[in-house]
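Open the model in your viewer and keep the selection tool at hand. The tour goes from one selection to the next and says what is there.

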Amino acid sequence: MDFAFSEEQDLLRASAREFLEERQPLEGVAEIVDADEPGWPEEVWKQLAELGWLDAELELLDHVVVIEETGYGLLPAPLFSTLALALAAVEDDEQLREAVAAGDLRLTLAWAEAGRPQELGAATSGITVDAGGRVSGTAALVPDAGWVDAFVVVTADGPRLVRAADATVTPRATSDRTRRLSDVTFEDAP
């Protein structure tokens, strides 16, 4: 069995590294860590879409190559949060996948709760959905919460999409300031 990357994946890796070196030089990481802003120009997300990096049609290993390179380049955009966390929870939703692929939507997964075991498969009872479909509760340690358009919220009734405008984001201080984590509170959020 061959575990090597394909020639196309090696080309993807090289082009990703080149793009990131131009757009997100490592010398600027310290400034990004100390800023209250995203640390990446808004147009970068659209450029990632134009490059095809957000495309759901990419193979898993292609996404692995891109995510690995953006990690190596310390790109603070919510790429991992969107592709590996949020979309994985709603993988059958074609509209969401298309919006992400077009660069129109950035997502993250809101599922962990303070004081509860952090198991993705565990039923979430602290985040509730009322009869009208409104979401209430608090998710802890949500990655990239301040820089996304919407949250995929895990509830006992299944995942729900909540717009970022309908949530309260409280940044958390962590020892790794390159990974921004927040608590997110939903109060009767549609």
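The stops below run from the helices and their core to the aromatic pairs and then to the sheet. Bear in mind throughout that this is a predicted model.

**Stop 1: helix 5**

Select residues 79-89, which make up helix 5. Which of its residues are buried? They are Leu 79, Ser 81, Thr 82, Leu 83, Ala 86 and Leu 87. Because these residues cover an arc of only 170° around the axis, they lie on the same side of helix 5.

Now show what covers them. The cover includes helix 3 (43-50), helix 4 (60-72) and helix 6 (94-101). It also includes strand 1 (107-110), strand 3 (135-143) and strand 4 (150-155).

**Stop 2: the largest nonpolar core**

Stay in this area and select Leu 48, Trp 53, Leu 54, Leu 79, Leu 87, Val 100 and Leu 107. The largest nonpolar core has 28 residues, and these are the ones that touch the most other members. Two or more residues of this core come from each of helix 1, helix 3, helix 4, helix 5, helix 6, strand 1 and strand 4. A second core, separate from this one, has 16 residues, among them Ala 139, Val 142, Ala 145 and Val 148. In soluble globular proteins, nonpolar side chains tend to be buried together.

**Stop 3: Trp 53 and His 63**

Centre on Trp 53 and show its contacts, leaving out neighbours within four places in sequence. The contacts are Leu 12, Ala 16, Phe 19, Leu 20, Leu 48, Leu 58, His 63, Val 66, Thr 70 and Leu 83.

Move to His 63, in helix 4. Is His 63 buried or exposed? Its relative accessible area is 13%, under the 20% limit, so His 63 counts as buried. Leaving out residues up to four places away in sequence, His 63 touches Trp 53, Leu 54, Asp 55, Ala 56, Leu 58 and Leu 83.

**Stop 4: the aromatic pairs**

How many aromatic pairs are there? The count is two. A pair of aromatic rings is described by the distance of the centres and the angle of the planes.

Select Phe 19 and Trp 53. Their ring centres are 5.5 Å apart and their planes stand at 80°, so this pair is edge-to-face. Phe 19 belongs to helix 1 (residues 7-23), while Trp 53 is in the loop between helix 3 and helix 4; the pair links parts of the chain 34 residues apart. Both Phe 19 and Trp 53 are buried.

Then select Phe 151 and Phe 186. Here the ring centres are 5.8 Å apart with the planes at 80°, so this pair is edge-to-face too. Phe 151 is in strand 4 and Phe 186 in strand 7 (residues 181-189), 35 residues apart. Phe 151 is buried at 0% relative accessible area, and Phe 186 is buried at 1%.

**Stop 5: two arginines over rings**

Select Arg 13 with Phe 5: Arg 13 lies over the face of the ring, 4.8 Å from the ring centre. Next select Arg 17 with Tyr 72, where the charged end of Arg 17 sits over the ring at 4.2 Å from its centre.

**Stop 6: the open sheet**

Switch to a cartoon view and colour strands 2, 3, 7 and 6. They form an open sheet of four strands in the order 2-3-7-6, with antiparallel pairing. Which are the edge strands? They are strand 2 and strand 6 (167-171), each of which pairs on one side only.

Select strand 3. Seven of its nine residues are buried, so strand 3 is largely enclosed by the rest of the structure. Six bridges join strand 3 to strand 7. To trace this pairing, find Val 135, whose bridge partner is Ala 189, and Pro 143, which stands opposite Leu 181.

On the other side, two bridges join strand 2 (residues 128-129) to strand 3. Thr 128 stands opposite Ser 136 there.

**Stop 7: the hairpin loop**

Finish between strand 2 and strand 3, where the hairpin has five residues between the strands. Gly 133 takes a positive phi near 85° in this hairpin. Gly 132 is in the loop as well, and at 67% relative accessibility Gly 132 counts as exposed. As a last selection, take the C-alpha atoms of Gly 132 and Asp 188: they are separated by 9.3 Å, although the residues are 56 apart along the chain.

Technical notes:
Residues are numbered from 1 along each chain as its sequence is written. This is a predicted model: local features need pLDDT of at least 70, side-chain atom pairs count only at pLDDT 80 or more; totals for chains, interfaces and linings use all residues. Side-chain values use heavy atoms; hydrogens and water are left out. Buried means under 20% relative accessible area, exposed over 50%, partly exposed in between (1.4 Å probe, protein chains only). The arc is that of the directions from the helix axis to the C-beta atoms. Contact means heavy atoms within 4.5 Å. Rings of Phe, Tyr and Trp (its six-membered ring) pair if their centres lie within 6.5 Å; planes under 30 degrees apart count as stacked, over 60 as edge-to-face and the rest as tilted. A charge sits over a ring if NZ of Lys or CZ of Arg is within 6 Å of the ring centre and within 35 degrees of the ring normal. A nonpolar core is a set of buried Ala, Val, Leu, Ile, Met, Phe, Trp, Tyr and Cys residues joined through side-chain atoms within 4.5 Å. Two strands pair if DSSP finds at least two bridges between them.
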